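Please open the structure in the viewer and keep the sequence panel visible beside it. The tour proceeds by selections, each followed by a short account of what is found there.

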Amino acid sequence: MWHSQEPPTALSTEEKTALLHPFATWSPGATVVLTGGEPLHKKDEFFSLTRTCRRMSLPVAANTNATLLDEDAVDRLLLEGPQYLLVSLDSHRPALHDWIRGAPGTHDRAVSVIRRLLARRRETFPGSDLRLLTNTIIFDGNVGELDAYVEFARELGVDGMTFQMLSRTFMRASRRDTFFERHFPRDVTRVDAAIDRLLELKNAGAPVATTENDLRWMKLYARDPDFIGEQVCGSAERNMMVDQHGNVQLCFFMRALLDGRVIGNVRQSGLRELWESDLAIQARDVMAGCRRNCGMLNCHRKQEAP
């Protein structure tokens, strides 16, 4: 994804902002998620969207690798940014995180930002509602070290930790998914032990934000990352993904299920119209039978009963 360039057909900041008012009217209190790539490549747009969402009482969550955050951006995050900020941190060990990210120094920058955000919130902006979480991808290189990672993150003072199993690579350049093939944790005994330990730590009070059901489903995923019998994906009933061109899908992989089709484009139709369209209904019928394990992604999984 980092190789890609924004195309001339991309939605403008004004076009993105214009989606928010009708969305808030139609679905008050729904969460807006800003993701990428790295959403803070475009800081002014990022904060324009978070401010607008706040005015409309729409909670905002955002993912970041935290490498582009200077002092000014730290304060802006606490004053006008999202309510939930997830910082990618794949290991407590700098060398391993940097290897995963492909650039030296990314671990130190991410941890420095976490420390600064938490310190500024504590000392200067105690009324800030920003909640800072780390997100960790479980793969063969860290599956045996999650105990130490949880302790490290807890000492940092983060508000929570989320975990996801390694998934198929988005936007890969090669035909083969080489990284996934080499580094998916295929020793189910190690995965089971790691997940059981996360459950123990969560039940003992560690701020593991991933739910117990989500963690248990990871054991199924480890046994076959391409298929599971249980239908765990609820994306078609809860999500709308608007890409940079304005195309709308009900999950990140919907096009593969619908022969390349999307349910429409926000430049031609409103979000509610698209959500209730005949094509969306058809897409849900197809997706109801989907057993692909991309449903294991946090954003895709079925919501648990309260």
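In which helix does H183 lie? Select H183: the residue belongs to helix α8. The model on display is a predicted one.

**First stop: H183**

Is H183 buried or exposed? Its relative accessible area is 16%, and buried means under 20%, so H183 counts as buried. Next, display the residues around H183. Leaving aside neighbours within four places in sequence, H183 is in contact with W99, F139, D140 and L166.

**Second stop: helix α5**

Please move to residues 94–101, which form helix α5. Which residues of this helix are buried? They are L96, H97 and D98. To see what covers these buried residues, select β3 (84–88) and α6 (106–123), which are included in that cover. Then select G102, which follows α5. The phi of G102 is positive, near 80°.

**Third stop: helices α7 and α9**

Select residues 146–156 for helix α7 and residues 188–203 for helix α9. At what angle do these two helices pack? The angle is about 30°, and the axes are 10 Å apart. Angles under 35 degrees count as roughly parallel, so α7 is roughly parallel to α9. To view the contact itself, show L146, D147 and V150 on the α7 side, together with A194, R197, L198 and L201 on the α9 side.

**Fourth stop: L198**

Remain in helix α9 and select L198, which is found there. With a relative accessible area of 1%, L198 is buried. Which residues does L198 touch, not counting those up to four places away in sequence? They are I138, L146, V150, F163, V208 and L215. Two of these, L146 and V150, were displayed at the previous stop as part of the contact made by α7. For a distance across the model, add Q249 to the selection: Q249 and L198 are 51 residues apart along the chain, and their C-alpha atoms are separated by 33 Å.

**Final stop: a surface patch**

Select F170, M171 and F252 and switch on the surface display. These residues make a nonpolar surface patch of about 290 Å². Where does F170 lie? F170 is in the loop between β5 (160–165) and α8 (178–183). The end of that second element is also where the tour began, since H183 lies in helix α8. The relative accessibility of F170 is 36%, so F170 counts as partly exposed, whereas H183 is buried.

How values were computed:
Residues are numbered from 1 along each chain as its sequence is written. This is a predicted model: local features need pLDDT of at least 70, side-chain atom pairs count only at pLDDT 80 or more; totals for chains, interfaces and linings use all residues. Side-chain values use heavy atoms; hydrogens and water are left out. Patches are made of residues with over 30% relative accessible area and no salt bridge: like charges are joined within 9 Å, nonpolar side chains (Val, Leu, Ile, Met, Phe, Trp, Tyr) within 5 Å. Accessible areas come from the Shrake-Rupley method with a 1.4 Å probe; for residues, only the protein chains shown count as cover. A salt bridge is a side-chain nitrogen of Lys or Arg within 4 Å of a carboxyl oxygen of Asp or Glu. Helices (H or I, at least four residues) and strands (E, at least two) are DSSP runs, numbered from the N terminus. Buried means under 20% relative accessible area, exposed over 50%, partly exposed in between (1.4 Å probe, protein chains only). Axes are lines fitted to C-alpha atoms, for helices over the stretch in contact, and angles run from 0 to 180 degrees between N-to-C directions. Angles under 35 degrees count as roughly parallel, over 145 as roughly antiparallel, 65 to 115 as roughly perpendicular and the rest as oblique. Contact means heavy atoms within 4.5 Å.
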